[in-house]
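Hi everyone, thanks for making the time. I'd like to walk you through the surroundings of two ligands this morning, so please have a look at the screen.

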Amino acid sequence: MTQTIARRGLMLVLSSPSGAGKSTLSRRLLESDPQIAMSVSATTRAKRPNEVDGKDYFFVTPQRFEEMVRDGAFLEHASVFGNRYGTPSAPVEKILARGRDVLFDIDWQGAQQLSQKAKDDLVRVFILPPSRDELERRLRERAEDSAEVVARRMAEASNEISRWSEYDYVILNDDVGKAQEQLKAIVAAERLNRQRQTGLVDFVRDLTQAKAP
Ligand code: ADP
Ligand code: 5GP
C-alpha cells in the first residue's frame, strides 16, 4: 500500500528579469502537476492581446488597486515598470488550507515581503537568461510589448538580476525542457523537507510502536 503523509503546502516564488521565461516555466509546471495552483495577481498594467482577465491577471484601475491596498486585501504589493502589482491574500490562504502548493510569478520586492510574512512555507527560485542578447531576443520575439516597453525592460534587467542572491535556487533557462526538469526537482525535494511533512510525527510513532502479541 502506498502511504501518503500529510504535508503543509509550499509557497513557490519564481522571479527573473522580464523575458527570462517565468511565465513559460510556470505554465509547464502547472500543466504537469495538479497539486500546484497559480496565484493570480492584480495589476494596473494594460492587458496584452493574448491575456485573459481573471486568469493571467485581474486587470484593475489604479483607484480599485488603491482600495484593495486600503482594505488589506494584498499579501504583498509593489510598483514594477511604472505599474502596480499585488497578490490577493484570500485565494492563497484557501489553496494552502487545502494542502496544495501555490506558485507566484512576482518580482524581488514581492519575494522580500513574502519572506518576512511566510518564511517557513516559502521556496524562492530565480530564473536567469543565458545571455543579455538572448533576453532581448525573447522580449522582442514575444511581440506583445511595444519597442519602448522592451527597451525599458532591458534597462531594468540588470537591476532585477542583481537580486539573484536573495533566492534559494537559481535556474539558468537555456534549454526550456531542462529548466523545467530542474524546477520539478526543486519542488519534489522541497516537498520532502522534514518540517513540511506534518504527518511524520504520527506516522513514525505508529512505525516505532511494537504490535501487541
Ligand atoms: P517572463 O514571464 O519571464 O517575462 P516568458 O515566459 O514570457 O518570460 O518568455 C519570454 C519569451 O521567451 C516567450 O516568447 C517564450 O516563449 C520564450 N522562451 C522562454 N523560455 C525560452 C527558452 N528556454 N528558449 C527559447 N525561448 C524561450
Ligand atoms: P509583466 O508585466 O511582464 O506581466 O510582469 C512584470 C513584473 O511584475 C514581473 O517581474 C512579474 O514577476 C512582476 N509581478 C507580477 N505580479 C506581481 C505581484 O503580484 N507582485 C509583485 N511584487 N510583482 C509582480
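I'll take the ligands one at a time, then put their surroundings next to each other. Please keep in mind that this is a predicted model.

Let's begin with ligand 2. Which residues are closest to ligand 2? They are S41, R45, Y57, Y85 and R153, and the full set around this ligand comes to 17 residues. If you like to think in polar contacts, there are some nice ones here. In the side chain of R45, an N or O atom is 2.6 Å from an oxygen atom of ligand 2. S41 also takes part, with a polar side-chain atom 2.7 Å from an oxygen atom of the ligand. D105 joins in as well: an N or O atom of its side chain is 2.7 Å from an oxygen atom of ligand 2. How much of ligand 2 does the protein bury? Taken alone, the ligand exposes 510 Å², and the protein buries 96% of that.

As for where the shell comes from, two strands give two or more residues each to the surroundings of ligand 2, namely β5 (74-80) and β6 (83-88). Sorted by class, this shell holds six nonpolar, four polar and seven charged residues.

Now over to ligand 1. Here 15 residues surround the ligand, and the closest are G19, S23, T24, R142 and D174. Two of those also turn up among the polar contacts. T24 places a polar side-chain atom 2.6 Å from an oxygen atom of ligand 1, and R142 has a polar side-chain atom 2.8 Å from an oxygen atom of this ligand. With V176 the backbone is involved: one of its backbone N or O atoms lies 3.4 Å from a nitrogen atom of ligand 1. On its own ligand 1 exposes 570 Å², of which the protein buries 80%.

Which elements supply at least two residues each to the shell around ligand 1? Those are the helices α1 (22-32) and α5 (132-142). By class, the shell has three nonpolar, seven polar and five charged residues.

And the pocket? Ligand 1 sits in the largest pocket, and the space taken by ligand 2 is the largest pocket too.

To put the two next to each other: β5 and β6 contribute to the shell of ligand 2, while α1 and α5 contribute to that of ligand 1. The protein buries 96% of the area of ligand 2 and 80% of that of ligand 1. Thanks for listening!

Methods
Residues are numbered from 1 along each chain as its sequence is written. Chains are lettered from A and ligands numbered from 1 in the order in which they are written. This is a predicted model: local features need pLDDT of at least 70, side-chain atom pairs count only at pLDDT 80 or more; totals for chains, interfaces and linings use all residues. Side-chain values use heavy atoms; hydrogens and water are left out. A residue is near a molecule or strand if one of its heavy atoms lies within 4 Å of it. A polar contact is a pair of N or O atoms within 3.5 Å; within protein, one must be able to donate a hydrogen and the other to accept it, and residues adjacent in sequence count only if both atoms are side-chain atoms. Accessible areas come from the Shrake-Rupley method with a 1.4 Å probe; for residues, only the protein chains shown count as cover. On a 1 Å grid over the protein atoms alone, a cavity is a set of points where a 1.4 Å probe fits but cannot get out, and a pocket is an open set with protein on both sides within 12 Å along at least five of seven lines; lining residues have an atom within 4 Å of a point. A molecule sits in a cavity or pocket if more than half of its atoms lie within 2 Å of its grid points. Helices (H or I, at least four residues) and strands (E, at least two) are DSSP runs, numbered from the N terminus. Ala, Val, Leu, Ile, Met, Phe, Trp, Tyr, Cys and Pro count as nonpolar, Asp, Glu, Lys and Arg as charged, and the others, Gly among them, as polar.
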